Amino acid sequence: MDISMLSKLFIKFLNIGAFSYGGGYTALSLIEREIVHNSQWLTTEEFMDVLALSQITPGPVGINASTYVGYKIMGMSGAVVATFSVVLVSFIIVNIVAHYFLKFRDSKIVKSILLGLKPAIIGIIITVVYKLGLQTIKDYKDILIILLVVVSVVKFKVHPIIAIFSSALLGIVLF
Amino acid sequence: MKDIIKLFFTFFKIGAFTIGGGYAMVPVIQKEVVDNAKLITEDEFLDYIAVAQSIPGIIAVNVSTFIGYKLYGFIGAFFICFAVVLPSFVIIVLLANVIMLYRNSIYLIKIFSGVRPAVIGIMMFSVYKLFKPLKKTKFSFFIIILNIVFIIGLNIHPIISLIVSGIIGGVYGHIYVK
């Protein structure tokens with residue numbers, strides 16, 4: 001096992017985790033910059049594999065991508081180090097923030113900031129839906145699946161996981 | 001301890017079966033923890049999402065860690081974070097090579113043609129579920145529209161938009177809320 005390479009991997013993914021603001025896709029662009037461009041540990045072609053695999057496997061895209069990059073570069077030990085370090089910084093910060101947030105949740109200043117943050121989150125998710133929609137929706141079949149999913153989870157309280165798997169089967173029939 | 005183990009399996013299941021990334025996982029976590037297990041309220045969940053999104057890192061992991069901390073302190077945070085990350089790790093390490101072998105198969109392509117729009121539907125469901133506990137004031141609608149205009153219209157990074165919203169909320173609350 002190459003300890004110096006592992007520690008480099010650790011530092012890289014510590015950085016990627018600490019600066020990926022706003023979800024998995026930010027993590028992907030950071031991985032591309034750090035691992036492909038700056039370190040040249042992976043080729044652009046290999047990174048395309050990372051992109052594809054992390055999006056078709058279940059779980060958070062940022063975690064899938066980090067684990068796979070670590071695995072590609074250094075096998076099992078690389079996978080462990082990359083996954084651990086990409087989570088580490090935010091894990092520590094969340095614990096600290098959660099501690100103080102739960103203590104001061106009813107204070108005026110925290111309540112006031114939340115007054116802005118809560119609707120902001122909804123606005124942000126709407127923009128993600130919009131951008132993803134522009135990329136994804138090509139014809140009536142896509143719209144049909146979206147409608148089926150929304151109606152089944154909202155109206156008939158179908159579990160979202162069931163809805164996604166049913167859509168996978170529907171994909172085989174429709175496309 | 002029994003409760004932590006139960007929650008561990010809930011988050012393991014969410015991590016193992018939710019395709020579509022963090023924003024698809026949020027409504028699944030909400031369904032399991034708020035609707036089914038009733039461990040936290042809708043309003044608390046919206047608070048935690050807002051805070052988790054303001055912290056760097058992977059949103060689904062941050063929310064899960066936050067919920068773990070709220071329910072069982074540091075031990076809870078550790079186990080729930082572990083539970084949500086573990087399935088990804090196992091699947092990638094064990095199946096990466098097999099999946100990559102079949103990545104151009106016609107079935108896999110068809111499956112993902114179905115999954116991709118489904119994920120959009122699930123994210124719409126997420127907007128619906130997060131919107132429900134929100135106080136429907138003019139100020140809330142103003143902030144929602146402000147974020148959409150910032151991010152889509154002006155191409156501002158979501159995190160800047162989020163910070164600006166927090167500051168506006170802080171000032172607004174300071175002046176108007178008793």
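Tutor: Let's start with a term: a residue counts as exposed when its relative accessible area is over 50%, and as buried when that area is under 20%. Keep in mind that this is a predicted model.

Student: Okay, is A:Lys157 buried or exposed, then?

Tutor: A:Lys157 has a relative accessible area of 59%, so it is exposed. You'll find A:Lys157 in the loop between helix 6 and helix 7 of chain A.

Student: What should I look at in the backbone there?

Tutor: Look at phi. Most residues other than glycine have a negative phi. A:Lys157 is not a glycine, and yet its phi is positive, about 55 degrees.

Student: Where does B:Lys38 lie?

Tutor: In chain B, in the loop between helix 2 and helix 3, the latter being residues 42-54. B:Lys38 has a positive phi too, near 50 degrees. With a relative accessibility of 65%, B:Lys38 counts as exposed.

Student: Now for helices. How do I read the length of helix 7 of chain A?

Tutor: Compare the reach from end to end with what 1.5 Å a residue would give. Helix 7 of chain A covers residues 160-174, and its first and last C-alpha are 20 Å apart, close to the expected 21 Å.

Student: Which residues of that helix 7 of chain A are buried?

Tutor: Among them are A:Pro160, A:Ile161, A:Ala163 and A:Ile164, and further along come A:Ser167, A:Ala168 and A:Gly171. These buried residues cover an arc of only 160 degrees around the axis, which means they sit on the same side of helix 7 of chain A. On the other side, A:Ile162, A:Leu169 and A:Val173 are exposed.

Student: What do the buried residues of helix 7 of chain A pack against?

Tutor: Both chains take part: helix 6 (140-154) comes from chain A, while helix 1 (2-17), helix 2 (22-36) and helix 5 (106-131) come from chain B.

Student: Let's follow helix 1 of chain B. What is buried there?

Tutor: The buried residues include B:Ile4, B:Leu7, B:Phe8 and B:Phe11. Their cover includes helix 2 and helix 4 (59-101) of chain B. Helix 1 of chain B has 16 residues and reaches 23 Å, close to the 22 Å expected.

Student: And stepping back, how many helices and strands does chain B have?

Tutor: Seven helices and zero strands. Of the 178 residues in chain B, 57% are buried. Its C-alpha trace spans about 60 × 45 × 25 Å along the principal axes. Chain B exposes about 7900 Å², with carbon and sulfur atoms supplying 71% of that.

Terms used
Residues numbered from 1 in each chain as written. Chains lettered and ligands numbered in written order. Predicted model: local features only at pLDDT ≥ 70, side-chain atom pairs only at ≥ 80, totals over all residues. Heavy atoms only, no water. Helix = DSSP H or I, 4+ residues; strand = E, 2+ residues; numbered from the N terminus. Buried < 20%, exposed > 50% of the residue type's maximum accessible area, 1.4 Å probe, protein only. Areas by Shrake-Rupley, 256 points an atom, 1.4 Å probe, with all protein chains shown as cover. Expected span 1.5 Å × (residues − 1). Arc of directions from axis to C-beta. Contact = heavy atoms within 4.5 Å.
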